[in-house]
Each structure stands twice: as structure tokens, then as C-alpha cells.
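User: Could you take a close look at one part of this model for me, the place where protein and DNA meet? I'm new to this, so please walk me through it slowly.

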Protein chains: 2
Amino acid sequence: MTEELSDRQKEIIEVSLELISEKGIQGLTIKNLAKRIGFSESAIYRHYENKTEILVSILNFFKYNIEKLFKAELNTERDAISKINNLLFNQFKIFTASPSLVAVIFSEELFRNEIILMNKVSEIMKNSFDTLTSIIKTGQEKGELRADVEAEHLAVVVMGALRLFVKQWQMSNHEFNLTEKGSELSSSINILITK
Amino acid sequence: MTEELSDRQKEIIEVSLELISEKGIQGLTIKNLAKRIGFSESAIYRHYENKTEILVSILNFFKYNIEKLFKAELNTERDAISKINNLLFNQFKIFTASPSLVAVIFSEELFRNEIILMNKVSEIMKNSFDTLTSIIKTGQEKGELRADVEAEHLAVVVMGALRLFVKQWQMSNHEFNLTEKGSELSSSINILITK
DNA sequence: AATAAGTTAGTGAGTATTCACTCTGCAAAG
DNA sequence: CTTTGCAGAGTGAATACTCACTAACTTATT
């Protein structure tokens, strides 16, 4: 799963994320990539078989980060509230640190004709959602979270709010501090889902 | 605002929505459009100046529907809960009836290089969000909704849940009944935001 | 009523551009 | 002397869009 990337491959991914954050997924072309790195277009194919492979690599990077975050939180001994709190906080921090990832997760529509990419994206989403649901379920059983609403619905609410908030941040051209304002949103969510 | 579309223009929009729902925004090309309608590519330019104009037309159609829905609900004498309930229900019904609109609202990333389209999309989102926030605010003042969480955060939660749920429906290939399951989600949301 | 003029909606060929990707050859390193 | 990393030139497919032209109507003029 760790993929063992070479230095050049890492550089290609880095520059790809740069380009995506600047001009969106559409800005990620072989030409732009080569120009930015400073070598010819053909050189890229020494390191990646094709463009899809590059995108797969990016999604794997994303998947790895997200899942590490979610799984880690799932297996702690904290209560559900602080698990979810941490989850949201870390998620906001990741996006603040690399805004290009925001463009990536909202590019599903563009991946629609590439089945591999589509599957990767749904996998990531489903995984996060399931982990969150499971955290909530446990929290309900322990009496930490309200149980008058089913866990899956609470998960939709939490994850939906997270995504929309990040989207609003992106559309405002990062006008507000995502981590800071995100903390406030997080507190509000806490109030809503606590017993 | 009604745009006064000719019969042919209406047909072009209809077929565009068809193509989008089948193959995503990427499936909407002048070639595909012309082939489906049954005339030459150049004929399209008799009815629309360029492809962007077609997309603007689609977004206007979407904007019109959404805003009609939100504004109508804002001005009724019902309580906030049933306003939001209706809003969600009608929204789910619209998407069920024309799933292509889902592809459109999640295509923001693709519109990023076309400022006109980008602006149209943010306008639609901002408008809906503001109307929803205003409904919630009124509900809080009247004591119908919980006031221990600020209105904007409640709006993020409601709208975020709506969007994520629709996204999940789309990604499942419309496997479940959006209107039906959406009603259930709506009930859960009610519970969360009621005093 | 007949002709002339103008409009509308179409065709088909062709444009420029962009895209991902390939082929050949070269130079340096092991 | 073979592998690796790269350059340069090129390919074919796809894209949105333009151009000159035409057939079918409609409207105005005599």
C-alpha cells in the first residue's frame, strides 16, 4: 500500500498537487507538469506509465492520509465526542495544509469516465463514512451520543457539514481560517449530537 | 429572467441534460449534442453562441427551480420545521425527477476555468444557503428551533446533509429511493434542530 | 397574382488548438 | 556496454468553433 515512490515520482505528485490547487484538476496536464518540473513531456513517462497512474498515486496518498486519520481515531479509548472532534479538526488541518486535496475530493464528476479513479474515490468516501458511523454507534451504545436518531443519519449530518464547510472555504478563495472557524462548527455539531 | 427560449433551444437544453445524466458533464460535447438531436454540429451555433452559453442556460434553469422553491417556502406562514421539511422534500423530488441536475451541481470543479459558470454556481449556492439561514433564524426567534447553536451552523448542517445524501444516492447509481429515504433523513434532521 | 428581397435553419468542409502518448536517439553512470 | 533519464519531434484523436453556401419560408413591392 505504501507504493515505494522514487524521488522523481514524489516530485511529480507534489507538482501535480500544486497545479491542481492553482488551476483545478483541469490544470493538471502532462504539458504543465513537464514545464513546471523543468523537463520534457516524454520524461514523465519514464516515471509513470500514464496520466491515470499519476492520479491513482495522488488518490492513494489522499486515501492513506484520510484512513490513517480515521482508523487512528477509531481505536483510541476516548469518548465519541472527542473522537469526532479530533476527526474534524485534523481533517480541517489537512485541507488547510494542502488545499489541492480539496480540489481532488470534489473532482468526482471529472473521474466519471475513468473507472479506476471513480472506484478509488467512492472507496475513500465509503470508508470514511463507515468508520464515522461505527464511532457514532459505539458512542450511542455507551450513552455518550443521542440515540433517538440513527447512527447513519448522524454520520450524514456530520460528514455533510464537514464537506459543505470545506467547499464554502474553497469557494471563498480561502478567505477565512478553516481550522479556526472549523473548530467553532465542530462545537456546534457536538451540541447537536450529544445526549 | 425567464430567458424566452425558442423550441430548439429548449430541445438543446433537454438533450444536454440527457447527455449529462448519461455520461456526466464530460459527455456534453457539441458533437454528441448534434448527433443526438439529429443535425450538424454547426447548426447548434444558430441557437447558441457557444458552449458556455448552453451551460449558462442550464444553470439558469437550475437556479430558477431552486430559487422558486426556496423563496416560496420562505414566504409561507408555516413554522420553520415544516418549511425546512418541505424544502428538503421538494429538493429530493426535483433530483429524483431530473438526476442530471445532480451532475450539474457537483461539477463545480469543471467550471473552474470559466468564470461565468463559476459565478453562477456560487450564486446559486449562496442564495440557497442565505435563504435557509434566514428561515432558521426566524424559527429560532419564534422559539421553534433550538437557539443554542448559531443559525449559520445549523444551515451548514442541514444543507451539508442534503448534499451528501444526494451525492451518496448518485454514487450508488440511484440504488435507493431518494425521496423516500430522504424523508427519513429529514425527520432525523428535524429532531436534531428542534428545541 | 407574380416577383423580388430578406430571414431562418440547416449542411459539410475546414480551422486552430489541445490532449495524452510514442519513437528515436543521445549522453552519462555503473 | 547496458541501463537510466532525458530531449525533440511527431502522431492521431478530440475539442470548440468558423466559413461559404443552400433550401425553404415569409414578407413587401409592383
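Analyst:
**Where the protein meets the DNA**

In this predicted model, a base nitrogen of DNA strand D sits 2.8 Å from a polar side-chain atom of R46(A). So that's a contact to a base; let's see what else surrounds this strand.

R46(A) has company: 18 residues lie around DNA strand D, and the nearest are R8(A), S40(A), R46(A), H47(A) and K51(B). Looking at the strand's atoms that come within 4 Å of the protein, 50% are sugar and phosphate. Two phosphate contacts are worth finding on your screen. A polar backbone atom of S40(A) is 2.2 Å from a phosphate oxygen of strand D, and a polar side-chain atom of Y45(B) lies 3.2 Å from a phosphate oxygen of that strand.

Which elements supply at least two residues each to the surface near strand D? They are α3 of chain A, plus α2 (30–37) and α3 of chain B. By type, the residues of this surface split into five nonpolar, seven polar and six charged.

Now hop over to DNA strand C. Here 15 residues surround the strand, with K51(A), R8(B), S40(B), R46(B) and H47(B) the closest. Of the strand C atoms within 4 Å of the protein, 45% are in sugar or phosphate, and the rest are in bases. On the phosphate side, an N or O atom in the side chain of K51(A) is 2.7 Å from a phosphate oxygen, while a polar side-chain atom of Y45(A) is 3.3 Å from a phosphate oxygen. On the base side, S42(B) has a side-chain N or O atom 2.8 Å from a base oxygen of strand C. The elements giving two or more residues to this surface are α3 (41–44) of chain A and α3 (41–44) of chain B. Its residues come out as five nonpolar, six polar and four charged.

How do the two protein chains relate to each other? Turn chain B by 180°, with 0.1 Å of shift along the axis, and it superposes on chain A with an RMSD of 0.1 Å. That's what a two-fold axis does. The two copies also use the same surface, with 98% of chain B's contact residues recurring in chain A. If you want to spot the axis from chain B, look for G160(B), whose C-alpha comes closest to it of that chain's residues, at 2.1 Å.

One last stop is the start of α4 in chain B, where a side-chain oxygen of N50(B) reaches to within 3.3 Å of the backbone nitrogen of T52(B). This helix covers residues 51–74, and because each residue adds 1.5 Å, its 24 residues should span 34 Å; the end C-alpha atoms are indeed 34 Å apart.

Methods. Residues numbered from 1 in each chain as written. Chains lettered and ligands numbered in written order. Predicted model: local features only at pLDDT ≥ 70, side-chain atom pairs only at ≥ 80, totals over all residues. Heavy atoms only, no water. Helix = DSSP H or I, 4+ residues; strand = E, 2+ residues; numbered from the N terminus. Expected span 1.5 Å × (residues − 1). Polar contact = N/O pair within 3.5 Å; in protein donor to acceptor, adjacent residues only side chain to side chain. Least-squares fit on C-alpha atoms with pLDDT ≥ 70 in both. Contact = heavy atoms within 4.5 Å. Near = heavy atom within 4 Å. Nonpolar A, V, L, I, M, F, W, Y, C, P; charged D, E, K, R; others polar.
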